[in-house]
Amino acid sequence: MMSVTQLDGSDDIRDPDLVALVEKARGSVAYNATLTVARADQARRDADRIQAETAEVQRNTIIGARAKLARNARRRDLIREVIENEPAAPENIQHLHSVLALCGLPYREPKGATNFFREYGRNTLAINAGRLTNPISGEMELQGLPYGPKARLLLLHLCTEAVKQRSPKIEVAHSLSGFIRDMGFPVTGGDRGTLKQFKEQLNRLAACSMQIGLWDGSRASTLNVPPFRQLDVWLPLNAHPDQGLLWSSTITFQTDFFDNLLQHALPVDIRAARAFAGSARQLDLLFWVGYRLSRLERPLRLTWDNLYKQFGSENGSIRSFRQEFRKDVAHLTEVFPRLKLTLDENGMQLLPSDQKDLLVPPKAILANRRARAKG
């Protein structure tokens, strides 16, 4: 690279265009001013290069470290970076009925069981398995209880569409394959493929009935509803992924369930949901913490016994639950490191949080309530 080498100090100018600029002005009355400007430009460019090189080294270091992580840890780290640098936009926000977020579905398949019950504080959820008519045989076939992470993601997606479209009859993806891709899963066939897993959970959700109990301390109400009033297409579990089997282009929610959903819709950042898409309990933890923090006006302390009743349904003992739950909380705080959530020997403590630290900013009415409480 050409440079200017003179006793006047122009030897620190190295970029060809700046060297040419100084040489052109040499011997003129504007030389000193040109030299000053060129030296300042060279210093700025050098600083920018150092900054860019440092950022590249840091980026390569992060990429190298991330490559060594297990798949789920790598996904959490990537999503943490995205969420920290890109605040939740409207297209990232999905919705779930708050009682479903608080009480949750079964984590694992309840073998042989046709009913399920869970309560949290003043809210209760009871689910009964139902039947769907097989269009080939004409027989009513028992579908079993919905369970696991895929049933939760299906409910999240469908509740979101109902809230966005403000209608109990919603337009959905024209194929199950399209929906699975939208949720960030590969589309795979076979007995262990995602197509069969999602079809099975959608059939179970379509067939089941729910009882949602709400109590505000003085008034109680119980909704006896199936989540869906109509699902027109049967979903064979073993259909080939290339068959292009359509599921219903519309799904109709039961009116009471839809009306109650609009009143009790919990916002969820779908990017965070994808980070925990493989774990039903981590999804429940994400939903539950988002709900609690968005409404918290004073510190909340929960004992390990409280937490075990809420999240420990698949653990045989509270000791094993504590070990697994610590891991789940650690994974949540990997994605949301500013969460004001701590675990100790006595249980969990949640602290009121600034809006920027919440999993999802609260609705305006909740934000106003929090502002009044601080005032």
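How much surface does the protein chain expose, and what share of it do carbon and sulfur atoms supply? The protein chain exposes about 19,500 Å², and carbon and sulfur atoms supply 51% of that area. I should say at the outset that this is a predicted model.

Let me continue with the overall composition. The protein chain contains 13 helices and 14 strands. Of its 375 residues, 46% count as buried. As for the contacts between residues at least 6 apart in sequence, 64% join residues at least 24 apart.

I turn now to the interior. The largest nonpolar core has 81 residues, and the members that touch the most others are Leu286, Trp288 and Phe325. There is also a second, separate core of eight residues, with Val22, Ala25, Tyr31 and Ala38 among them.

Next, the packing of helices. Two packed helices are described by the angle between their axes and the distance between the axes. I shall present two such pairs.

The first pair is helix H11, residues 304-311, and helix H12, residues 318-335. These helices pack at an angle of about 80°, with their axes 10 Å apart. Because angles from 65 to 115 degrees count as roughly perpendicular, H11 is described as roughly perpendicular to H12. On the H11 side, the residues in the contact are Trp304, Asp305, Leu307, Tyr308 and Phe311. They meet Ile318, Phe321, Arg322, Phe325 and Arg326 in H12. By class, this contact of H11 with H12 has seven nonpolar and three charged residues, and no polar ones. Phe325 thus appears twice in this account: in the contact of H12 with H11, and among the three residues that touch the most other members of the largest nonpolar core.

The second pair is H5 and H10, which pack at an angle of about 40°, with their axes 7 Å apart. That angle makes H5 oblique to H10. Here Gly148, Pro149, Arg152 and Leu153 in H5 meet Ala280, Leu283 and Asp284 in H10. The residues of this contact divide into four nonpolar, one polar and two charged.

Let me stay with H5 for a moment. Helix H5 spans residues 148-165 and includes Leu154. Is Leu154 buried or exposed? Its relative accessible area is 0%, so Leu154 is buried. Leaving aside neighbours within four places in sequence, Leu154 is in contact with Phe179, Phe198, Gln201, Leu202 and Leu205. Of these partners, Leu205 is 51 residues from Leu154 in sequence, and the two C-alpha atoms are 8.8 Å apart in space.

The loop between H5 and strand S6, residues 169-171, contains Arg166. Arg166 has a positive phi of about 50°, although it is not a glycine. With a relative accessible area of 55%, Arg166 is exposed, because the threshold for that class is over 50%.

Finally, I come to the loop that joins helix H10, residues 280-295, and strand S12, residues 300-303, where Glu297 is found. How is Glu297 classed by its relative accessible area? The value is 35%, so Glu297 is partly exposed. Glu297 and Ser353 are 56 residues apart in sequence, yet their C-alpha atoms are 8.6 Å apart in space.

To close, I would draw attention again to the two helix pairs: H11 is roughly perpendicular to H12, whereas H5 is oblique to H10.

Technical notes:
Residues numbered from 1 in each chain as written. Predicted model: local features only at pLDDT ≥ 70, side-chain atom pairs only at ≥ 80, totals over all residues. Heavy atoms only, no water. Helix = DSSP H or I, 4+ residues; strand = E, 2+ residues; numbered from the N terminus. Buried < 20%, exposed > 50% of the residue type's maximum accessible area, 1.4 Å probe, protein only. Axes fitted to C-alpha atoms, helices over the stretch in contact; angles between N-to-C directions. Parallel < 35°, antiparallel > 145°, perpendicular 65-115°, else oblique. Contact = heavy atoms within 4.5 Å. Nonpolar A, V, L, I, M, F, W, Y, C, P; charged D, E, K, R; others polar. Core = buried A, V, L, I, M, F, W, Y, C linked by side-chain atoms within 4.5 Å. Areas by Shrake-Rupley, 256 points an atom, 1.4 Å probe, with all protein chains shown as cover.
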